[in-house]
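The paragraphs below go through one chain strand by strand, then turn to its interior, its surface and its loops. Please keep the sequence and the model side by side while reading.

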Amino acid sequence: ILGEPIQNWEKLELNQLNSKLYWNNELIGEAKLLKTNPINSLIWVINHLGKFNKKINQGSIIITGSLLETKKPVSNDIIKFEIENFSSVMTEII
């Protein structure tokens, strides 16, 4: 997904920003980005697999989940995710 560049993003306090999820124009969840560290999620996956003596093979694609609780979309749903003051993305299910 491409959008407008955010100038000086390296200096932003990303952990302090709020995100919001709208489903058909209804706010269904919000959370601080602090909870989205993908490295922490990956560490959890690795540790969990380790309990079963399993490992992640080289070249594997890891999808660690979503910041907010998700639900199954249906036809005509309009879903919007936004990060306060910066960006948003919207999709319409056909």
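Tyr-22 is a residue of strand β1, and it is a convenient place to enter this predicted model. Beyond its neighbours within four places in sequence, Tyr-22 is in contact with Leu-27, Ile-78, Ile-79, Lys-80 and Glu-82. Ser-60 is 38 residues from Tyr-22 in sequence, and the two C-alpha atoms are 31 Å apart in space.

The strand pairing gives the setting for these contacts. Strands β1 and β3 pair in the antiparallel sense over five bridges; one of the residues involved is Ser-19, whose bridge partner in β3 is Ile-83. On from there, β3 is joined to strand β4 (residues 87-92) by six bridges, and these two strands also run antiparallel. Ile-78 has Glu-92 as its bridge partner in β4. The hairpin of β3 and β4 has three residues between the strands, and within this hairpin Asn-85 takes a positive phi near 65°.

Strand β3 also holds Glu-82. Leaving out residues up to four places away in sequence, Glu-82 touches Asn-18, Ser-19, Lys-20, Tyr-22, Ser-87 and Ser-88. What is the salt-bridge partner of Glu-82? The partner is Lys-80, with the closest N and O atoms 3.5 Å apart. The count for the model comes to one salt bridge. The two residues fall into separate accessibility classes: Glu-82 counts as buried because its relative accessibility is 18%, under the 20% limit, while Lys-80, at 28%, counts as partly exposed.

Which residues make up the largest nonpolar core? The core has five residues, namely Leu-21, Trp-23, Ala-31, Leu-68 and Ile-79. In soluble globular proteins, nonpolar side chains tend to be buried together. Ala-31, a member of this core, is in contact with Leu-17, Asn-18, Ser-19, Leu-67 and Leu-68, its neighbours within four places in sequence being left aside. Leu-68 is thus both a contact of Ala-31 and a member of the core.

Nonpolar residues are found on the surface as well. Ile-6, Trp-9 and Phe-86 form a nonpolar patch there, and together they have about 290 Å² of accessible area. Ile-6 is placed in the segment before β1. With a relative accessible area of 34%, Ile-6 is partly exposed, because that value lies between the limits of 20% and 50%.

The loops remain. Most residues other than glycine have a negative phi. Asn-24 has a positive phi, near 55°, and is found in the loop between β1 (18-23) and β2 (26-32). Its relative accessible area is 38%, so Asn-24 is partly exposed. Asn-76 likewise has a positive phi, of about 80°, although it is not a glycine. The loop that holds Asn-76 runs between α1 (38-50) and β3 (78-83). Is Asn-76 buried or exposed? At 56% relative accessibility Asn-76 counts as exposed, because the value is over 50%.

Technical notes:
Residues numbered from 1 in each chain as written. Predicted model: local features only at pLDDT ≥ 70, side-chain atom pairs only at ≥ 80, totals over all residues. Heavy atoms only, no water. Core = buried A, V, L, I, M, F, W, Y, C linked by side-chain atoms within 4.5 Å. Buried < 20%, exposed > 50% of the residue type's maximum accessible area, 1.4 Å probe, protein only. Contact = heavy atoms within 4.5 Å. Salt bridge = Lys/Arg side-chain N within 4 Å of Asp/Glu carboxyl O. Helix = DSSP H or I, 4+ residues; strand = E, 2+ residues; numbered from the N terminus. Patch = residues over 30% accessible without salt bridge, like charges linked within 9 Å, V, L, I, M, F, W, Y side chains within 5 Å. Areas by Shrake-Rupley, 256 points an atom, 1.4 Å probe, with all protein chains shown as cover. Pairing = 2+ DSSP bridges.
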